[in-house]
Structure formats: structure tokens, C-alpha cells
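Please open the model in your viewer and keep the sequence panel beside it, since this tour moves from one selection to the next. Each stop names what to select and then says what is there.

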Amino acid sequence: MPTSGEGRSYHDENVTCERCGFYQTVTVIYDVDDNTRTWVCLYCEHDNPSALF
């Protein structure tokens, strides 16, 4: 269930790491103040930021 506060919301999503290609379910942070969507790979700990549209 998404939670929010201070312009952020958290959603569990199925994602693939841009660096190592590991497919996983992680909590993705949506930050509307910074206009970013960020999550960290569980395997290689790579930060996977992207812009919100």
C-alpha cells in the first residue's frame, strides 16, 4: 500500500536494474518535489534514478 508525506510516495514495483540486469521487486520512491523516481538494486546496490513525467 502506497504511503506518502513531504512530497514523496513509496510503491512496491517489479523493476530491472540498469547496471546488472537483476529483476526484482523493490520499493520505489517517487519524489514530486525533486521530480525523481529512485530505487536501489538489491543485488549490486546501484542507484537507479529517473525523472518523473
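Which residue in β3 is the bridge partner of asparagine 14? Select asparagine 14 and then threonine 25, because the bridge partner in question is threonine 25. Before going further, please keep in mind that this is a predicted model.

**The whole chain**

Colour the protein chain by secondary structure: there are five strands and zero helices, and from the N terminus on the elements run β-β-β-β-β. Of the 53 residues in the protein chain, buried residues make up 28%. If you display the surface, the protein chain exposes about 3900 Å², of which carbon and sulfur atoms supply 51%. Among contacts between residues at least 6 apart in sequence, 16% join residues at least 24 apart.

**The hairpin of β2 and β3**

Now select residues 8–16, which are strand β2, together with β3; the two strands run antiparallel and are joined by nine bridges. Strand β3 itself covers residues 23–31. The two strands form a hairpin with six residues between them, and in the turn you can pick out glycine 21, which has a positive phi of about 80 degrees.

**Isoleucine 29, between two partners**

Move along β3 to isoleucine 29, which lies in this strand and is partly exposed, with a relative accessible area of 27%. On the β2 side, isoleucine 29 is the bridge partner of tyrosine 10, and in β4 the bridge partner of isoleucine 29 is threonine 38. Measuring in the viewer from isoleucine 29 to serine 9, which is 20 residues away along the chain, should give a C-alpha separation of 5.9 Å. Leaving aside residues up to four places away in sequence, isoleucine 29 touches Arg8, Ser9, Tyr10, Thr36, Arg37 and Thr38.

**On to β4**

Add strand β4 to the selection: β3 and β4 pair in the antiparallel sense over three bridges. Their hairpin has four residues between the strands, and asparagine 35 in this hairpin takes a positive phi near 60 degrees.

**Two salt bridges**

How many salt bridges are there to find? The count comes to two. For one of them, show the side chains of aspartate 31 and arginine 8, which meet at 3.1 Å, N to O. Aspartate 31 lies in strand β3 and arginine 8 in strand β2, so this pair ties together parts that are 23 residues apart in sequence. The two partners fall into separate accessibility classes, since aspartate 31 is buried at a relative accessible area of 7%, whereas arginine 8, at 35%, counts as partly exposed.

Then show the side chains of glutamate 13 and arginine 37, which meet in a salt bridge at 2.7 Å, N to O. This pair links distant parts of the chain, with glutamate 13 in strand β2 and arginine 37 in strand β4 (residues 36–38), 24 residues apart. Glutamate 13 is buried, and so is arginine 37.

**The nonpolar core**

Select Val15, Cys17, Val26, Val28, Tyr30, Trp39, Cys41 and Leu52, the eight residues of the largest nonpolar core. Strand β3 gives the most to this core, with three residues. In soluble globular proteins, nonpolar side chains tend to be buried together. Valine 26 is a useful residue to centre on, as valine 26 touches His11, Asp12, Glu13, Val15, Trp39, Val40 and Leu42, not counting residues up to four places away in sequence.

**The surface patch and cysteine 44**

Is leucine 42, one of the contacts of valine 26, buried or exposed? Leucine 42 is exposed, with a relative accessible area of 58%, and it lies in the loop between β4 and β5 (50–51). Select Phe22 and Tyr43 along with Leu42, and you have a nonpolar patch on the surface with about 360 Å² of accessible area together.

For the last stop, select cysteine 44, which is found in the loop between β4 and β5 and is partly exposed, with a relative accessible area of 22%. Its C-alpha atom is separated by 8.5 Å from that of phenylalanine 22, 22 residues apart along the chain. Cysteine 44 touches Cys17, Arg19 and Cys20, again not counting residues up to four places away in sequence.

Technical notes: Residues numbered from 1 in each chain as written. Predicted model: local features only at pLDDT ≥ 70, side-chain atom pairs only at ≥ 80, totals over all residues. Heavy atoms only, no water. Buried < 20%, exposed > 50% of the residue type's maximum accessible area, 1.4 Å probe, protein only. Contact = heavy atoms within 4.5 Å. Core = buried A, V, L, I, M, F, W, Y, C linked by side-chain atoms within 4.5 Å. Salt bridge = Lys/Arg side-chain N within 4 Å of Asp/Glu carboxyl O. Areas by Shrake-Rupley, 256 points an atom, 1.4 Å probe, with all protein chains shown as cover. Patch = residues over 30% accessible without salt bridge, like charges linked within 9 Å, V, L, I, M, F, W, Y side chains within 5 Å.
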